[in-house]
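Welcome, and thank you for taking a look at this one with us. Please open the sequence and the model side by side, and we will walk through a few features together.

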Amino acid sequence: VEQELARGLTAGAEFTYVNTVHLQRSHDLNLPAPTIRAADGRPIYLPTGVRRPLSRFGQIWTRESSARALYRAFVFSMNWQRSRFQLNTYYTLSWNYSDHDNERSATFTEAQDQFRLISDYSFSRLDQRHQFLAYGTVELPWGFQVGSTMRLTSARPFDPRAGFDANLDGDSFTDRPF
């Protein structure tokens, strides 16, 4: 929706809803069913003495289309134009959820429990709740034009890494504190 409020001044609002399914996910097919550690409920895959189902092999990776994501956003805009300048502002309030953010991770599993993937559905690493953008231009003499842009955003979710293979699945780069 966009409405002219006065000559050269418009305001707008929009809603975006993107529900994606069948996104790519890395999956290790050669893991045994996990045991659940009593102390904190973390799934543990290969404790001492437990072997992989195909013991002659290590990790067996597959890329499957089983991940999903949901993005919802409200965008509010204000545009002001005159003969020699214009100013455009946008504010976005959004929520971004997913159960696998495979941005730049082609070789590791992200799931904390590969047999219960729904437990990873939460705020995406890409989620930024608030975003504000403004840009303007001014016409100067002799055909010159000057412009500037400003962008302010809230922080993305805190996504700490454990720094070691906490669930014993063979990946030490993606495990998070449980």
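Is Trp80 buried, partly exposed or exposed, and why? Trp80 counts as partly exposed, because its relative accessibility is 35%. Do keep in mind as you read that this is a predicted model.

**A nonpolar surface patch**

Trp80 sits in strand β5, which covers residues 61-81. On the surface, Trp80 joins Phe85, Leu87, Val138, Leu140, Trp142, Phe144 and Val146 in a nonpolar patch. Together these residues offer about 820 Å² of accessible area.

**Salt bridges**

Let us turn to the charged side chains. The structure holds four salt bridges, and the table shows three of them, including the pair of Asp28 and Arg52.

| Salt bridge | Closest N to O distance |
|---|---|
| Asp28 and Arg52 | 3.0 Å |
| Arg37 and Asp40 | 2.8 Å |
| Asp127 and Arg129 | 3.4 Å |

What does the salt bridge between Asp28 and Arg52 tie together? Asp28 and Arg52 meet through their side chains at 3.0 Å, N to O. Asp28 belongs to strand β2 (residues 9-28), while Arg52 is in the loop between β4 (43-44) and β5, so the pair links parts that lie 24 residues apart in sequence. Both Asp28 and Arg52 are buried.

The surroundings of the other two pairs in the table are also worth a look. In the bridge between Arg37 and Asp40, Arg37 is partly exposed because its relative accessibility is 36%, and Asp40 is partly exposed too, with a relative accessible area of 35%. In the bridge between Asp127 and Arg129, Asp127 has a relative accessible area of 5% and is therefore buried, whereas Arg129, at 23%, is partly exposed.

**Around Gln24**

Our last stop is Gln24, which is placed in strand β2. With a relative accessibility of 39%, Gln24 counts as partly exposed.

Which residues does Gln24 touch, leaving aside those up to four places away in sequence? Gln24 touches Arg63, Glu64, Ala67, His100 and Asn102. Of these contacts, the one with Arg63 can be described further: the side chains of Gln24 and Arg63 are joined by a polar contact of 2.9 Å. Along the chain, Gln24 and Arg63 are 39 residues apart, yet their C-alpha atoms are separated by 6.3 Å.

Terms used:
Residues numbered from 1 in each chain as written. Predicted model: local features only at pLDDT ≥ 70, side-chain atom pairs only at ≥ 80, totals over all residues. Heavy atoms only, no water. Patch = residues over 30% accessible without salt bridge, like charges linked within 9 Å, V, L, I, M, F, W, Y side chains within 5 Å. Areas by Shrake-Rupley, 256 points an atom, 1.4 Å probe, with all protein chains shown as cover. Helix = DSSP H or I, 4+ residues; strand = E, 2+ residues; numbered from the N terminus. Buried < 20%, exposed > 50% of the residue type's maximum accessible area, 1.4 Å probe, protein only. Contact = heavy atoms within 4.5 Å. Polar contact = N/O pair within 3.5 Å; in protein donor to acceptor, adjacent residues only side chain to side chain.
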